[in-house]
Amino acid sequence: QVQLVEIGGGLVQAGGSLTLACAPSGNIAAITYMGWYRRAPGGQRDLIATIANNGHTNYADYVKGRFTISRDNVKNAVYLQMNNLEPDDTAIYLCYARVATPKTDWNDYWGQGTQVTVSS
């Protein structure tokens, strides 16, 4: 079974920075896409950014220039550097990975999420 655990959330003032990290665990054969999504209070799950195993990235327009996604293919880890945070960035941030195991084809996995709160 594959599990994703996010770390690095917390409370920060507007204009501040946070870095999130996530690494899938379990019997993993391969990982293609990894990424970050977020869910604001009462809202739906929105894409922040994804990164392929070749390093190609994709960002939502509302984070371009402020957030940077990166990954470590040796550690199977994905990171999200968030700068110039705004109160509207307050949300639960969820890690995502598309994973194949020795017994299964590609499946999408999600973490439980980590809370990021930005105060004004």
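This short talk walks through the sheet, the core, the disulfide and the salt bridges of one predicted model.

Hi everyone, and thanks for coming. Some ground rules before the fun part. This is a predicted model, where local features need pLDDT of at least 70 and side-chain atom pairs count only at pLDDT 80 or more, while totals for chains, interfaces and linings use all residues. Residues are numbered from 1 along each chain as its sequence is written, and side-chain values use heavy atoms, with hydrogens and water left out.

Let's start with a sheet. Strands here are DSSP runs of E with at least two residues, numbered from the N terminus, and two strands pair if DSSP finds at least two bridges between them. With that in hand, there is an open sheet of four strands, in the order β1-β3-β8-β7, paired antiparallel. Residues 3-7 make up β1 and residues 67-72 make up β7; these two stand at the edges with a single partner strand each, so one side of each has no neighbour in the sheet. On average, neighbouring strands in this sheet are turned by 15 degrees against each other, direction ignored. For the angle, axes are lines fitted to C-alpha atoms, for helices over the stretch in contact, and angles between N-to-C directions run from 0 to 180 degrees.

Zooming in on one edge, β7 and β8 (residues 77-82) pair in the antiparallel sense over six bridges. One detail to look for on screen: Phe67 has Met82 in β8 as its bridge partner.

Met82 also takes us to the core. A nonpolar core means a set of buried Ala, Val, Leu, Ile, Met, Phe, Trp, Tyr and Cys residues joined through side-chain atoms within 4.5 Å. Buried is under 20% relative accessible area, exposed is over 50%, and partly exposed is in between, using a 1.4 Å probe and protein chains only. As background, nonpolar side chains tend to be buried together in soluble globular proteins.

Which residues have the most contacts inside the largest nonpolar core? They are Trp36, Leu80, Met82 and Tyr93, in a core of 29 residues. Strands that each supply at least two residues of this core include β3 (18-25), β4 (30-39), β5 (45-51) and β11 (114-119). The biggest giver is β9, with five residues.

If we count contact as heavy atoms within 4.5 Å, and skip residues up to four places away in sequence, Met82 touches Gly16, Ser17, Leu18, Leu20, Arg66, Phe67, Tyr93 and Val116. Keep Arg66 in mind, please.

Now the sulfur chemistry. A disulfide here is a pair of cysteine sulfur atoms within 2.5 Å, and a search of the whole structure turns up one. Cys22 and Cys95 form that disulfide, with their sulfur atoms 2.1 Å apart. Cys22 sits in β3 and Cys95 in β9, so the pair ties together parts that are 73 residues apart in sequence. For the torsion fans, the angle about the S-S bond is about -85 degrees, so the disulfide is left-handed. Buried or exposed, what are Cys22 and Cys95? Both are buried.

On to charges. A salt bridge needs a side-chain nitrogen of Lys or Arg within 4 Å of a carboxyl oxygen of Asp or Glu, and by this rule there are four.

Back to Arg66: its salt bridge is with Asp89, and the closest N and O atoms are 2.7 Å apart. Arg66 lies in the loop between β6 (57-59) and β7, and Asp89 in the loop between β8 and β9, so the pair ties together parts 23 residues apart in sequence. Arg66 and Asp89 are both buried. By contrast, Lys64 and Asp61 meet at 3.1 Å, N to O, and both of them are exposed.

Asp108 and Arg98 form another salt bridge, with closest N and O atoms 2.7 Å apart. Asp108 is in β10 (residues 104-110) and Arg98 is in β9, 10 residues apart. Asp108 is partly exposed at 38% relative accessible area, and Arg98 is partly exposed at 31%. Arg38, Arg66 and Asp89 are joined into one network by salt bridges that share partners.

Last stop, Thr32 in strand β4. Thr32 is buried, with a relative accessible area of 17%. Leaving out residues up to four places away in sequence, Thr32 touches Ile51, Ala52, Asn53, Arg71, Arg98 and Trp106, so we meet Arg98 again on the way out.

Thanks, everyone!
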